[in-house]
Amino acid sequence: MLLTALLALLVVGIAAPAVAEEPDPNRVLLWHAYRGEERAALEQIIRQLHTESDVRVDLLAVPYEAFRQRLTAAIPRGNGPDLFIAPHEAVGEWSRGHLLEPLPYPNDLSPSAFLESTTDALTFDGQLWAMPLSFKSLALFINRDLVSGTPATLDELLAMGAGADVPLAYEAGNFYHHAALMHAFGARLFDADGAIAIDTDAMARSLALAGKLVADGAVPPESDGALVSNLFNSGATPFVINGPWFLGEIREDVRFAVAPLPSVTGGGPLRPFLTVEALYLAAQRRSSNEAVQSVARAIGGLQGSLVRAKQGRQTVPLRAAAADPVIADDPVLAAFVAQGAQAIATPNRPEMGAMWEPMNRALRRVLRGADPRVATAEAEQEVGFYLRPPPERAAPGPYLVLLGVVLLLGVGWSLRTLQTHRVMARLPAALPAYAYLLPAALGMTLVVFVPFLAGAAVSLFAHVGGEFTFVGLRNFGRILSSSEYGITHPLSFWFTLVVTVAWTLANVVLHVSIGLGLALLLRDPWMKLKGLYRVLLIVPWAVPNYITALIWKGMFNRQFGAVNAFLDLFGVEPVSWFSNFFTSFAANVATNTWLGFPFMMVVTLGALQAIPRDLLEAAEVDGANAWQRFRHVTLPLLKPALLPAVILGSVWTFNMFNIIYLVSAGEPDGSTEILISEAYKWAFTRQAQYGYASAYALLIFGILWMWGLLTQKLTGAQA
Amino acid sequence: MSRKNVDRRATWAGQWWRHLILIVVTFAALYPVLWVVKMALTPSDAFDLSANPIPTQVSLGNFSDLLDSTDMQGRKLFWYWVRNSVIVSLATTAVGITLSCSAAYAFSRFSFPGRSAGMGALLVTQMFPGVVMAIPLYILMDATGLLNSLTGLTLCYATTAIPFCVWMLKGYFDTIPKELEEAAIMDGASRWMIFTRIILPLSRPAIAVTALFSFMTAWNEFILAATFMADETSYTLPVALQRYVGDYSTQWGAFAAGAILVSMPVMALFFALQKNLVEGLTAGGVKG
């Protein structure tokens, strides 16, 4: 009955399509990823606009992690926003991908009203696409309780900070932060003609300096945002290089100042990347130009800019706002404005997306002691792998013939099976079984198989800048031949496959043995406190793994992590977990074991109930010891109920993307990536090569399929 | 003899070593979570990094950020999110369990053409990497008018959970002796009666496991919910939680507080279900 009610609900859901409303040209849907005070400022501006005009703005906060995917999925289908606020870096990718329309500036607010560097950042292919709203860059934060002066050079800074535990803290292993040093030495990622220029002396010198800062103990080697905040708030460091978002992380009782970054000896001033947040107009928008312009004026104009500066603490690029006391008399905002003038906009060409991963790797390699020039050469080579031209277009003719042949063979095979197994004769008797299966089968076909087939078809195409070209099986050829790099290179499919298999094996063995062990300890009715243990032990499964995985990453920090602190009790030297393949791999496995054993424990607890107690007692009476009872009674009886969980567990672990992404992030040098995380990278951080990523995913699927067949054979043989 | 043995094991002295192991494991399991609690209770994002997971300052400010979220119309968003999460998760559990029990029964008790292929197909769905599915799924939801509806989300989550549930339940059904059913058939019971009156009640442990699993599938998912839902009042809790993760920085305190709020109901549910985990087949009832 419940079933029918729910099916009815589904049908109603399907049968009541969204009523096609006449779009109201005065309604504007605006997507943003703001939170806290920035969001409050935006809402205040929109409320003000509502009192002054007929335009109605609907705000929707989309989480940052889903923002890009949602834009690319929604805009081409006509479900996108009218306007959205996002950083400038993707303007090249989005405009080439037909997601944008140039934003029509209001007459009284021309592009020249904004700082040129910010409108330049939003110009691509000779077109200004969006309106700059704010700019963000790193600057120097000084703890005024520790240091009174403002250093003009890096040497001065280090001298002033020499007495502290940590003279200077910044995210040394993050290329976004390193860019300030890179620019100080005159190095750039692209030369004047737009060609890639990573492997240069200037780049190597900047990396060498970063390496020296870490080697000298002036900067902590493994630092993320949380560690940097902590060092600053606890007074361990007088100097932090960080962006305006850091303001919210400083403890209220810390007296601090913000200043532009210092200069380096043998180079110029540190010039960080400039990120421009802008108002974009989405393709397929429904609102009128007039409505869009009045929203743009309200947010980007003088009044809106001042609200965002005052309430949202944003650094606004409107020239007319700079002289206003709200900004001029605010030392923090003024420092960020001064720094912004020295910053260099992150390149907005689509190729930039492929730079982060190789540059982060090169940087971390140097921090671990590698030769900077070798690192730059390798980074340039790696960028080359990501940016290589797609496979040649293939003629679809032969593939269509092949498809036809495969289909014919499939039909032939099905007919033969129908005959040999006398399916038609057995069908009437089987009808009730199909009735039980039908609801699940329908749902699975609609929501799982159909999207999968559509996604799989993409593997036959190459995707470049929003255009798909048919390339046949050439994506697969490239992956399997691993021709550009040797099979021992971390980018190689085969290398990653070996890592993935080892990862899966280690996890499944640990999950099952720990889960089973705990379940056996907790099954007996006379066991005291068993309910309490059970509930406490599922906690790792209950807390969202996004946050616990990051806690684990922090626990593996070399200097400050709990794991090294614990090992220290036994006199073990601190381990730099993420700079060696085996320790990094072990860190991933430890985290995932922690996350996964409660599930196995719960499954085993359930499965253990299928074993009649008398059977065990009988065995005991017959003189079987505990191990014999487990080996010959419990385990065989447990198998049918436990096996599905083990098989599925192995499949899930094989595709466990989150942990790799959040804990080791592939360190060192991408060697701890697994196949699924590589596939994600090809799709999302390496030039949106969807076809290649889809081919990767299909290969993963193929491997797992073979594994499934193997297990079915093994279990079938025993049945 | 056996009686006496059991009595000895039922005392603290007889089971101390079990408690020793369990205390060590429980500590290891809770240590990282204590950190989440510490982050949640420490005011602003200025928690200290030491091995000590006990908070030095305590404030509930981080919780209020999520609890007090309002939109421009002044609506208390938190209660919308809770409502949506509860509806979607319960509906997913109900749909998932219903469809899975029925399918698993067919796989366990009937012989029919396509049986092993069907089980294989379910396993295969777990092998589809999400990376190829996201955009086609979006287009499908859009085409069927299920975008921006809790029904659409429920459908997606339930189908994600079904394969595991079917495999798990089928494995469990297989351990239930066929003699019971044969006896019932002799007494004139229909297939449906056997399924609902004998098999399902006996399978409570497995149903409890799959219910928890289905609930969790829906309860913690955020990417699809963040992509499909068109209004902040139709978001689910994990989407709201994910807003604290930015491109440059994460509001750890608020994020941790939210994570704790999100995991409370799961633990409550487990607490409610765990009785069933250990009250399945009673030894006397189904001796073969």
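## Contacts and helices in chain B

Let's start with how chain B holds together in this predicted model. Take the contacts in chain B between residues at least 6 apart in sequence: 73% of them join residues at least 24 apart. Of the 288 residues in chain B, 51% are buried.

What is chain B built from? Its secondary structure comes to 13 helices and 0 strands. Read along the sequence, the pattern is therefore just one α after another, α-α-α-α-α-α-α-α-α-α-α-α-α.

## Two domains in chain B

Chain B splits into domain 1, covering 1–59, and domain 2, covering 76–277. Measure from one C-alpha centre to the other and you get 30 Å between domain 1 and domain 2 of chain B.

How many residues of each domain are in contact with the other? It's 7 from domain 1 of chain B and 7 from domain 2 of chain B. On the domain 1 side, those residues divide into 4 nonpolar, 2 polar and 1 charged.

## Where chain A meets chain B

Now for the two chains together. Here 123 residues of chain A are in contact with 117 residues of chain B. Helix α18 of chain A (residues 423–457) gives the largest share of the chain A side, with 20 residues. Sorted by class, that side of chain A has 85 nonpolar, 22 polar and 16 charged residues.

## A helix with little cover

Just before α18 in the numbering of chain A comes helix α17, residues 396–420. Its 25 residues reach 36 Å from the first C-alpha to the last, close to the 36 Å expected at 1.5 Å a residue. Is α17(A) buried or hardly covered? Hardly covered: the count of buried residues among its 25 is 0. After α17(A) comes A:Arg422, with a positive phi near 45°.

## Backbone details in chain A

A few loops of chain A are worth a look. A:His98 is not a glycine, yet its phi is positive, at about 60°. You'll find A:His98 in the loop between α4 (91–96) and β4 (100–101) of chain A. A:His98 counts as partly exposed because 14 other C-beta atoms lie within 10 Å.

A:Gln284 isn't a glycine either, and has a positive phi of about 65°. This residue sits in the loop between β12 (273–282) and α10 (289–300) of chain A. With 16 other C-beta atoms within 10 Å, A:Gln284 is partly exposed.

Which way does the peptide bond from A:Glu667 to A:Pro668 go, cis or trans? It is cis, with omega near -10°. A:Pro668 belongs to the loop between α28 (657–664) and α29 (675–684) of chain A.

Terms used:
Residues are numbered from 1 along each chain as its sequence is written. Chains are lettered from A and ligands numbered from 1 in the order in which they are written. This is a predicted model: local features need pLDDT of at least 70, side-chain atom pairs count only at pLDDT 80 or more; totals for chains, interfaces and linings use all residues. Two residues are in contact if their C-beta atoms, placed from the backbone, lie within 7 Å. Helices (H or I, at least four residues) and strands (E, at least two) are DSSP runs, numbered from the N terminus. Ala, Val, Leu, Ile, Met, Phe, Trp, Tyr, Cys and Pro count as nonpolar, Asp, Glu, Lys and Arg as charged, and the others, Gly among them, as polar. Domain bounds come from an automatic or database domain assignment. A residue is buried if 20 or more other C-beta atoms lie within 10 Å of its own, exposed if 12 or fewer, and partly exposed in between; C-beta atoms are placed from the backbone. The expected span of a helix is 1.5 Å times one less than its number of residues.
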